[in-house]
Amino acid sequence: MQPLLHDLAIALRAPTVVFSGRDGQVRGDGTQGLLHGDLRLLSEAVLTVDGHEPVPIGAEEPSAAQASFTGLLRHLGDPGPDPTVWLRRRRRVTATGMTEELELVSRAARPAECVVELVLAADFAAIEVIKSGGRAARVVPAPVDGGIRWTSGSVTATVTTDAETTVDGDRVRLRWRVRVAGTVRLRWTLSAADPDSLFVPGTATLLAAPVVQADDRRFTALLNRSLTDLDGLLLAEREHPEDVFAGAGAPWFLTLFGRDSLWAARLALPFSVELAGGTLRTLARAQGERNDPATGEMPGKILHELRRADFEVNGMSLPARYYGTIDATALWVCLLHDAWRWGLPEDEVRALLPNLRAALFWITGLADTDGDGFAEYLDETGRGLANQGWKDSGDAVRFADGTQAAPPVALAEVQGYQHEAVVRAAELLSALGEPADGLVGWASALRARFRSTFWVSTSEGRFPALALDGEKRPVDSLTSNIGHLLGTGLVDAAEGEEIGALLLGPALAPGFGLRTMASTAGGFSPLSYHCGSVWPHDTAVVVRALSESGQSARAAELGMQLVRAAGAFGNRMPELFAGYGPGDVEAPLPYPASCRPQAWSAAAAVTLLATFLGLRADVPAGTVTVDPPRPSPVGALRVTGLPLAGGTLDVAIDAAGTVTELRLPPGLRRG
């Protein structure tokens, strides 16, 4: 069983992340430790003073890369009820390791003599071993010039410090003998070296984020926290450090994921076309070229995930380079179009047109494996992902009575992505003077097939089925997937209204975000991975889709459910959380093994901002649209310095949702 993460302190700068208890101690249990490039380099870091652990009284995570912990040293200092000696443990994580400053503070009448000891250990456990709840043998350290080093293959972890250092079997002991009168500071550093790593830290693309002010401080707190988390997740290939993408999430998915990295870049587009461009180019370099059932590779197909080694967990065995995704290829095309609209330079867009053509070849042909006119998936190996949409757990696709659908499976939202991708590709190619023959007709035929095949009528209402199963039966459960169809062009305005009304009903959106499956479905469970939980990115995708389809009031209402939920997680939105509503619990409950931070969860806050402003851009056409919901869900809202088309945009709206100020970059006009 995978370890629980919900109550741990986290500090991150990709590709390094440190998980510890809220007392600051790293005890080697579960996921605790310093992980770097899918390996746990440090598995234990336990601090004592005279053999006593500090009594924890507080923990903070002031930024993505920092955590600090305060503990009382109750055996030291003056007698009486008030503590007079305490210790602060300040942790800063870098892309290549971590540094801790230990600050002992005394307000006692007399100086305190004490011995500070830090015990360290390393096991170099692979991420899949940790995820499955397994253990690895500790690696024996060795002294080197200036410190202590652990080595496994080509990877090393080196500790440097001014402490007295000894090797005790498979552990290292750092000791400082100190006299505390006032404040004493001690320091130690761990540096990782991994010459064979796939990725290096990404250069910051979001540091020039705009200044955002809102009457509802909950929203700005969520946005600011999300931006620092997203920045901490940025990575790049070692050979292409200029092309930055977002690693999917810590700790399980801190690598390149096609779907996740694409959605993160798409949701964050108002703040960074550079992130979109880097993501597109990185995935284009890995685009499929041949048919390989073992990896799922097909010509034109976009990658699912890339790791340093094969990933084996819970009976599943994924190759290091794995293409088991049905939706990433269409999402790649959609991101290329959207990035072009937001101002990705034309030369960068044109350089990707061969990849666009290859992606369209897969979308309009190879994605339909059985000739029924829909894209479907089937794991041919028996060792890969049984489900290959974004809800990729084995039990995610269920009928209304709770029974699981048998493959091959054609998901509803995938048909929407395919339709949107082909329509947007035709628009892009035509604008660039390139041929787009047959694309509009292909999309029109898909739209007709979908309307005649997918729609079902149940006691919940009329809506598109979740999927078609292997026997082409509509999988009739009510799920969040239908929200992804809005804005894709696959449903008309009247159908979109029917979908929107169901999405905002209490069975799917009770108050803290959009459930993945309605509470009325037979397979519903609020603590399942994909059958009733709330995924912030899923909610944000649907918020975006509602806004794109003209349902701004519903978009605002659903977006504010996420804002209300965020405080329960310190505004660091997790991968997912339990699907309980305010009628069940006072505050949202965690899904205990959820990644945090998660790139597309962090990027969700940017989409909320765009939605609350009603902000859309078409840089090639020279227009910017600002059409906020009325009234504004967050009160008066001001954005200053949003990067756009080589300049910046300033916009302000009042509590009624009226635009009171708008300054556009040169060459752009209000649409």
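Here are some friendly questions and answers about aromatic rings in this predicted model.

User: How many aromatic pairs does a search of the whole structure find?

Analyst: A pair of aromatic rings is described by the distance of the centres and the angle of the planes. Searching the whole structure gives a total of 12.

User: Is the pair of Trp-390 and Trp-600 stacked or edge-to-face?

Analyst: The two ring centres are 6.3 Å apart, and the planes meet at 85 degrees. Planes over 60 degrees apart count as edge-to-face. The pair of Trp-390 and Trp-600 is therefore edge-to-face.

User: How many residues apart in sequence are the parts that this pair ties together?

Analyst: Trp-390 sits in the loop between helix H7 (353–366) and strand S27 (410–411), while Trp-600 belongs to helix H13 (residues 599–613). The pair therefore joins parts whose separation in sequence is 210 residues.

User: Is Trp-600 buried or exposed?

Analyst: Buried means under 20% relative accessible area. Trp-600 has a value of 2%, so it counts as buried.

User: Are the rings of Phe-450 and Phe-454 stacked or edge-to-face?

Analyst: Their centres lie 4.5 Å apart, with the planes at 15 degrees. Planes under 30 degrees apart fall into the stacked class. Phe-450 and Phe-454 are both buried, and their pair is stacked.

User: Which ring does the charged end of Arg-307 sit over?

Analyst: The charged end of Arg-307 is 4.2 Å from the centre of a ring. That ring belongs to Phe-311.

Key:
Residues numbered from 1 in each chain as written. Predicted model: local features only at pLDDT ≥ 70, side-chain atom pairs only at ≥ 80, totals over all residues. Heavy atoms only, no water. Phe/Tyr/Trp six-rings, centres within 6.5 Å; stacked < 30°, edge-to-face > 60°. Helix = DSSP H or I, 4+ residues; strand = E, 2+ residues; numbered from the N terminus. Buried < 20%, exposed > 50% of the residue type's maximum accessible area, 1.4 Å probe, protein only. Lys NZ or Arg CZ within 6 Å of the ring centre and 35° of its normal.
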